[in-house]
Amino acid sequence: MKKFSVLIAGGGSTFTPGIVLMLLDHLNKFPIRKLKLYDNDEERQATIAGACEIILKERAPEIEFLATTNPEEAFTDVDFVMAHIRVGKYAMRELDEKIPLKHGVVGQETCGPGGIAYGMRSIGGVLELIDYMEKYSPDAWMLNYSNPAAIVAEATRRLRPNSKILNICDMPIGIEMRMAQILGLNDRKEMNVRYFGLNHFGWWTEIRDKDGNDLMPKLKEHVAKHGYNVPNSADNQHVDQSWNETFLKARDVYALDPNTLPNTYLKYYFFPDYVVEHSNPEYTRANEVMEGREKFVFGECRKIIENQSTEGSKLHIDEHAAYIVDLARAIAYNTHERMLLIVENKGSIINLDPTAMVEIPCIVGSNGPEPLSIGEIPQFQKGLMEQQVSVEKLVVEAWVTRSYQKLWQAITLSKTVPSAKVAKEILDDLIEANKDFWPELHKDDVVVSESF
Ligand SMILES: NC(=O)c1ccc[n+]([C@@H]2O[C@H](COP(=O)([O-])OP(=O)(O)OC[C@H]3O[C@@H](n4cnc5c(N)ncnc54)[C@H](O)[C@@H]3O)[C@@H](O)[C@H]2O)c1
Ligand SMILES: O=P(O)(O)OC[C@H]1O[C@H](O[C@H]2[C@H](O)[C@@H](O)[C@@H](O)O[C@@H]2CO)[C@H](O)[C@@H](O)[C@@H]1O
Ligand SMILES: [Mn+2]
């Protein structure tokens, strides 16, 4: 069996140790000969890499390991790049969340103005990774889950149309694992799903068991009462109260269209007033993550390095992340696995822009994804999606043309923002905060108005 060389780009990520443990747990399905970590922050990556090296020595000493900040070393002789970078790190996530909130607008990592700000930072970072991959390992595939995946996907569609990048999100997987628990199934793979939308903006339209029985009625009954909250959840990723609130709020999101089951992220678009009322502008999700997951993961890695052993380590496998192995296997072994990916519409949704990047089921094989046909979508979703697709396209247009005007339009168009005036105030604050990361925007086409 061929063994693969894998590069994790964003090696210093809080998710890296969980993903490395997951890869080691799946070596029988996806054998690895070389595992490399790449990051542009040497110090941050060193802690994670120090621990990963010991984990590998203990569990799979035959795998060659390297951590580097040198792109040539990192990207040479690689079959798969697993990309999870966060340009600007948590310090910038905190501002993405707090700046809009200061203006009474949803402050969220990937939705609304925060997601737009993050997108303006991520585009350059992900393009850089693609260029390194194509230069040093032109046959490699990039499995990208760097956020905001919707904007990153639109940018790569437009600026690197022939690149071998697959954009994927684990939110539907996390929700499907909860659905399986609600239904009393052992595995989400016992369900066949139909789903359509954009990243962090979608709906399940059909869920059946392997015999074709409709599972939606039982799920709807649960979601109408409890959202996606499940007693004694096996989910070890979402212990924070804010996530439980998000899973519960899905019952109100569901009420908007009881024909479908929603992605949890829709709460930011349907109930922005509720979200703002329930946010603390001084303490957001970024603060929770910095005090929670980041401290925990880096603390555990330091202990492993200090003890030169993983004995007693509380780091756990990120079982959610097994979807990355499914995706790599689909490419490597032509498995034709059916997976939700973010791909160019190209007529899959008949009544939507063919160039929109949509999240839909695809059959994945060695040549990449073959999107399934979705057909016509209802007016409600069509209206919402057209608005959100336009936001995402305008952000990429703003980045490409360095246009303040386009970015102002993008923020104004977001369903989370009440007016062009508020959009402009948020934009001006975001520009100041992001001056080390965004391209400089020109105001050539901006008309100065004193009337608002
Ligand atoms: N698609 C999904 O469903 C999904 C799920 C979980 C996390 N994520 C994403 O994964 C990423 C990592 O999340 P995290 O919370 O662990 O963040 P993190 O800040 O802990 O890690 C990100 C790492 O990327 C590095 N980095 C930033 N810019 C870089 C560049 N240009 N080149 C190389 N490295 C760079 C940083 O130094 C940092 O070590 C984020 O983009 C997050 O949104 C996506
Ligand atoms: O607020 P965070 O950093 O905890 O989470 C933000 C991410 O949330 C989703 O990813 C979840 C995923 O749904 C779940 O299955 C598990 O793996 O944990 C992830 C992180 O908590 C979302 O899909 C990502 O895009 C977000 O970055
Ligand atoms: Mn996601």
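This short presentation walks through one predicted model, from its ligand shell to a few points of backbone geometry.

Good morning, colleagues. Let me begin with ligand 1. In this model, 25 residues surround ligand 1, and the closest are Gly10, Gly12, Ser13, Tyr145 and Asn147. By class, that shell comprises nine nonpolar, nine polar and seven charged residues. Two helices deserve mention here: helix 4, residues 89–102, and helix 5, residues 112–136, each contribute at least two residues to the shell.

I turn next to the annotated positions. UniProt, in an unreviewed entry, places the feature "binding site" at Cys169 and His200. These two positions span 32 residues in sequence, yet their C-alpha atoms are no more than 8.2 Å apart, so they gather at one spot.

Where does Cys169 lie? Cys169 is in the loop between strand 6, residues 165–167, and helix 7, residues 171–183. Is Cys169 buried or exposed? Cys169 is buried, because 25 other C-beta atoms lie within 10 Å, and the cut-off for that label is 20 or more. Setting aside residues up to four places away in sequence, Cys169 touches Tyr145, Ala149, Asn199, His200, Ile342 and Glu359. Tyr145 is also among the closest residues to ligand 1.

His200, for its part, sits in the loop between strand 7 and strand 8. His200 is likewise buried, with 26 other C-beta atoms within 10 Å. With residues up to four places away in sequence again left out, the contacts of His200 include Cys169, Thr110, Cys111 and Asn263.

Strands 7 and 8 bring me to the sheet. Three strands form an open sheet in the order 7-8-9, with antiparallel pairing. Its edge strands are strand 7, residues 191–198, and strand 9, residues 261–262, each of which pairs on one side only. Strand 8, residues 201–209, is joined to strand 9 by two bridges. In one of the pairings, Trp203 has Pro262 in strand 9 as its bridge partner. Helix 14, residues 379–401, lies across strand 7 and strand 8 and runs at about 55° to strand 7.

A further cysteine is worth a moment. Cys52 lies in helix 2, residues 42–59, and is buried, with 26 other C-beta atoms within 10 Å. Apart from neighbours within four places in sequence, Cys52 is in contact with Thr16, Pro17, Val20, Leu37 and Phe65. From Cys52 to Ile99 the separation is 47 residues in sequence and 36 Å in space, C-alpha to C-alpha.

Finally, the backbone. Most residues other than glycine have a negative phi, and most peptide bonds are trans. Against that background, which residues does a cis peptide bond join? The bond is between Asn147 and Pro148, with omega about -10°. Pro148 lies in the loop between strand 5, residues 141–144, and helix 6, residues 149–159. Asn147, I would remind you, is among the closest residues to ligand 1.

Two residues other than glycine have a positive phi to report: Asp77, near 55°, and Arg402, near 60°. Asp77 is in the loop between helix 3, residues 71–75, and strand 4, residues 80–83. Arg402 is in the loop between helix 14 and helix 15, residues 404–413. Asp77 counts as partly exposed because it has 14 C-beta neighbours inside 10 Å. Arg402 also counts as partly exposed, with 14 C-beta neighbours inside 10 Å.

Thank you for your attention.

Conventions:
Residues numbered from 1 in each chain as written. Chains lettered and ligands numbered in written order. Predicted model: local features only at pLDDT ≥ 70, side-chain atom pairs only at ≥ 80, totals over all residues. Near = placed C-beta within 6 Å. Helix = DSSP H or I, 4+ residues; strand = E, 2+ residues; numbered from the N terminus. Nonpolar A, V, L, I, M, F, W, Y, C, P; charged D, E, K, R; others polar. Pairing = 2+ DSSP bridges. Contact = placed C-beta atoms within 7 Å. Axes fitted to C-alpha atoms, helices over the stretch in contact; angles between N-to-C directions. UniProt positions renumbered as here; feature names shortened; annotations may be inferred. Buried ≥ 20, exposed ≤ 12 C-beta atoms within 10 Å, placed from the backbone.
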